[in-house]
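I opened a fresh page to keep track of what I look up in this structure. The entries follow the order in which I checked things.

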There are 2 protein chains.
Amino acid sequence: MNYPDTIQKLIDCFKKYPGVGSRSAERFALATLSLDKEIVDVFSRSLIDSKTKIKKCERCNYYTEDDLCKICSDKSRNRDSLCLVEDPKSVKMFEDTHIFDGYYYVLNGLISPIDGIEPGDLNIDKLLSLIEKENIKEVIIAVKPSIEGETTSLYISKLLEDKNIIVSRIAQGVPMGADIDYVDSLTLELALENRKKLN
Amino acid sequence: MNYPDTIQKLIDCFKKYPGVGSRSAERFALATLSLDKEIVDVFSRSLIDSKTKIKKCERCNYYTEDDLCKICSDKSRNRDSLCLVEDPKSVKMFEDTHIFDGYYYVLNGLISPIDGIEPGDLNIDKLLSLIEKENIKEVIIAVKPSIEGETTSLYISKLLEDKNIIVSRIAQGVPMGADIDYVDSLTLELALENRKKLN
């Protein structure tokens, strides 16, 4: 004996989400029954909207409901600087720090021959023409430190050689609050190698 | 800088669910963008349906989309036996064991003076008239072992005194697989008190 169809369908849908098992999906489905009707209406509509209204920004590939995303539409930012990130979520992370005032470019992936992701699968042609067209002076590569991150970083910096552009990569090292005992040896090695002179 | 409105609304809606914080809500909202459109359509429709189609069974208060729930509509079950549970979820739990073949009655709460839940707030009048009308012969009280469970159980068994009905309560004791060291002392006390003769 199952729940009524509607509840069962809700359970099945919640189960499609990452990290949601049968128990959580059941809990969420039943919790829906106690939510205010207004919230459920907004939820239902936003789900549909997420499939119809959300697209990639024409310039940087970040999420947007218009042709250009909110960041690319903001003319007050620093036009010289472009920050390369792996995915749209990274843009949000950087924006939340309020430190970077340039623009972003979302690669939507990293080069990974094992997973069959070749340079051609990333939006690199579009990136190069953007850099050229908009006369970008500094490219900051902000992808994660991993084999794929290294490869992508190296590939892009090679492409930008001889173009009179400053190319940098965000620092790798021991993260804030981390216990040295628990940091992996590769991170420690990098942190030591990239040590900063204090005096 | 926030996500586009649609994504932000999704995040806010997911945050209304039990145990879902900002990080999980964001993860779920972004995961929605990668789900198949068909799934999102079903999800969206089921959310609305959960508010419009799901109601309480006229007879037992369990979830249903019709007047009677699937269980109460099933005439092949044992008409003599009625199992009293706290909430609709308990019905599903018992049904999943495939052991009980009678009918259920959902109290939708337990007597709890501290929380202001008096006997009148439960569906006890409806329960009594159901027992009378349908000539129920056995009532099994299957509420959780707690102060509120005790109170509710005692209250209902008092009401059914002198009615020539067998009233029982599901056994309390050490659960399967539990380490005796980790079972609380009240459970152990009950388990000892309700010990079962083996020879």
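Before placing any residue, I noted that helices (H or I, at least four residues) and strands (E, at least two) are DSSP runs, numbered from the N terminus. With that settled, I found B:Ser50 in helix H3 of chain B, which covers residues 37-52.

Ground rules. I am working with a predicted model, in which local features need pLDDT of at least 70 and side-chain atom pairs count only at pLDDT 80 or more, while totals for chains, interfaces and linings use all residues. Residues are numbered from 1 along each chain as its sequence is written, chains are lettered from A and ligands numbered from 1 in the order in which they are written, and side-chain values use heavy atoms, with hydrogens and water left out.

Entry on B:Ser50. I asked whether B:Ser50 is buried or exposed. I take buried to mean under 20% relative accessible area, exposed to mean over 50%, and partly exposed to be in between (1.4 Å probe, protein chains only). B:Ser50 has a relative accessible area of 4%, so I wrote it down as buried. I then looked up its contacts, meaning heavy atoms within 4.5 Å, and, leaving aside neighbours within four places in sequence, I found B:Ser50 in contact with A:Thr6, A:Leu10, A:Thr32 and A:Leu33.

Entry on the interface. The contact between the chains takes 53 residues from chain A and 52 residues from chain B. Chain A and chain B bury about 5300 Å² between them, and 72% of that is on carbon and sulfur atoms; buried area here is the accessible area (1.4 Å probe) that two parts lose on being put together, summed over both. How many salt bridges does the rule find across the interface of chain A and chain B? I noted zero across this interface, where a salt bridge is a side-chain nitrogen of Lys or Arg within 4 Å of a carboxyl oxygen of Asp or Glu.

Entry on the core. A nonpolar core is a set of buried Ala, Val, Leu, Ile, Met, Phe, Trp, Tyr and Cys residues joined through side-chain atoms within 4.5 Å. The largest one has 108 residues, and those with the most contacts inside it are A:Phe43 and B:Phe43. Not counting residues up to four places away in sequence, A:Phe43 touches A:Phe14, B:Leu10, B:Cys13, B:Phe14, B:Tyr17, B:Phe43 and B:Leu47. I keep in mind that, in soluble globular proteins, nonpolar side chains tend to be buried together.

Entry on aromatic rings. Rings of Phe, Tyr and Trp (its six-membered ring) pair if their centres lie within 6.5 Å, and planes under 30 degrees apart count as stacked, over 60 as edge-to-face and the rest as tilted. My search of the whole structure gave 22 aromatic pairs over all chains. The rings of A:Phe14 and A:Phe28 have centres 5.4 Å apart and planes at 55 degrees, so I recorded the pair as tilted. Because A:Phe14 lies in helix H1 (residues 5-14) and A:Phe28 in helix H2 (residues 22-34) of chain A, this pair ties together parts that are 14 residues apart in sequence. Both A:Phe14 and A:Phe28 are buried. I also listed one aromatic cluster formed by A:Phe14, A:Tyr17, A:Phe28, A:Phe43, B:Phe14, B:Tyr17, B:Phe28 and B:Phe43.

Entry on charges over rings. The rule asks for NZ of Lys or CZ of Arg within 6 Å of the ring centre and within 35 degrees of the ring normal. The charged end of A:Arg59 sits over the ring of A:Tyr103, 4.6 Å from its centre, and B:Arg59 lies over the face of B:Tyr103, at 4.6 Å from the ring centre.

Entry on salt bridges. I counted 24 salt bridges over all chains. In one of them the side chains of A:Lys53 and A:Asp49 meet at 3.7 Å, N to O; A:Lys53 is partly exposed at 41%, whereas A:Asp49 is buried at 15%. B:Asp80 forms another with B:Lys137, with the closest N and O atoms 3.6 Å apart. This pair links distant parts of chain B, 57 residues apart, as B:Asp80 is in the loop between helix H4 (70-73) and strand E3 (81-85) and B:Lys137 in the loop between helix H6 (124-133) and strand E5 (138-141). My last note is that salt bridges sharing partners join A:Arg59, A:Arg79 and A:Glu134 into one network.
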